Amino acid sequence: MYLGRTTLSKFLIEQLHELDDNGQLAGLLVDVAAAVKSIAAMTAKGALGGFHGVIDNTNVQGEIQKKLDVLSNDALIDACEWGGMLAGMVSEEMEEPIQIPAEFKRGRYLLNFDPLDGSSNIDVNVSVGTIFSVLVHDKDTPPTVEDFLQEGRRQVAAGYAIYGPATMLVITVGKGTHAFTLDREIGNFILTHENLRIPPDTSEFAINTSNERFWEPPISRYVEECKAGKTGVRGRDFNMRWIASMVADVHRILMRGGVFMYPRDTKDPAKVGRLRLLYEANPIGFIVEQAGGAASYGRGAILDHAADSAHQRIAVILGSKNEVERIERYHAEHDSGADRPYASPLFKDRSLYRSEV
Ligand code: AFP
């Protein structure tokens, strides 16, 4: 049954055999994969599982919680809190960090996760996902929220699951980006895409264009040029996609290239972008960089930016390296005033924004 096929466990043992941590990181990732299998089973039941719909609660993001948001959150906590690998967790669905119960041994890793990304797509049966990030907690004391606010470059592992026609798990431990497909007959993840590479060039972009009037000029400039296609400076036509499930848009980019943008906008000046740094931008940024792509907030690499709070949001521009670099160049030209044909009075006053992300 396993002839010639690499399971997740075998792959992790091979990739992490030099890591002197008594197999804790490999064990943690296997526990995350177990939670992913539970979430996959629940999402696959659809309305038959009674999991559709919302509960009478809003989360720390101010979003109405879907039943599956809560069930997926519980699945990850239940699968990972007992094994002795974790010192603590941060979840999109919970305001405060999750401490390891006293009856369990604490370990050396921190796990940040978005248990069900794209959950507004659940009831319309569009692919959703789980995103996770692993950091090191090198103290004997239980982690404070500050211990989670590490730069994304310090992640030791990251990944996502996509619950699509197939359930797939895409991970990196810093040695490339690799994808596993769930073999439902045996209940195991099998390596199907080793060393994924994102093409440096693309003719496909993903952005929610209903926010166009709120964008900064560099984004407007880039999107206008893509829409102008071969009649404009790019000299070739572009295609647009927007699934409104980050994991699904990112997976497409990992498979065939592209650029994904959820930029900073003025829709709610108090919110810098929509996506969260610790458990969306950082893990996806690590995955994308390890596949030869780039992940930027427009004015620098996402992985170089330390969070100032557990649920901080950040602008996200990621995918094919040459396109991300072009968009960063447009931001630099805007900030230096070199792009004035694209500026609008709204953005002339730089003080409009409180922070630089
Ligand atoms: P939900 O989890 O609330 O569906 O949000 C999904 C998400 O965080 C990300 O996965 C999408 O790329 C993005 O939001 C979609 O945002 P819009 O609904 O504004 O297009």
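Strand 5 and strand 6, the latter covering residues 128–136, pair in the antiparallel sense over 7 bridges. One position to look at in that pairing is L110, which stands opposite L135 in strand 6. Before going on, I should say that this is a predicted model.

Strand 5 has another partner. Strand 3, residues 86–91, pairs with strand 5 in the parallel sense, over 5 bridges. There, L86 stands opposite Y109 in strand 5.

How many residues of strand 5 are buried? The strand runs over residues 109–117, and 9 of the 9 are buried, so strand 5 is largely enclosed by the rest of the structure.

Next, helix 5, residues 217–228. The helix has 12 residues, and at 1.5 Å a residue it should span 16 Å. Its end C-alpha atoms are 16 Å apart, which agrees with the expected span.

Which residues of helix 5 are buried? They are P217, P218, I219, R221, Y222, V223, E225 and C226. Note that R221 and E225 are on that list. Just after the helix, G229 takes a positive phi of about 55 degrees.

Now the cysteines, since people at the bench tend to ask. C226, in helix 5, has a relative accessible area of 2%. Buried means under 20%, so C226 counts as buried. C80 is also at 2% relative accessibility and therefore counts as buried. As for disulfides, the structure holds 0.

To recap: strand 5 pairs with strand 3 in the parallel sense and with strand 6 in the antiparallel sense. Helix 5 agrees with its expected span, and C226 in that helix is buried.

Notes:
Residues are numbered from 1 along each chain as its sequence is written. This is a predicted model: local features need pLDDT of at least 70, side-chain atom pairs count only at pLDDT 80 or more; totals for chains, interfaces and linings use all residues. Side-chain values use heavy atoms; hydrogens and water are left out. A disulfide is a pair of cysteine sulfur atoms within 2.5 Å. Buried means under 20% relative accessible area, exposed over 50%, partly exposed in between (1.4 Å probe, protein chains only). Helices (H or I, at least four residues) and strands (E, at least two) are DSSP runs, numbered from the N terminus. The expected span of a helix is 1.5 Å times one less than its number of residues. Two strands pair if DSSP finds at least two bridges between them.
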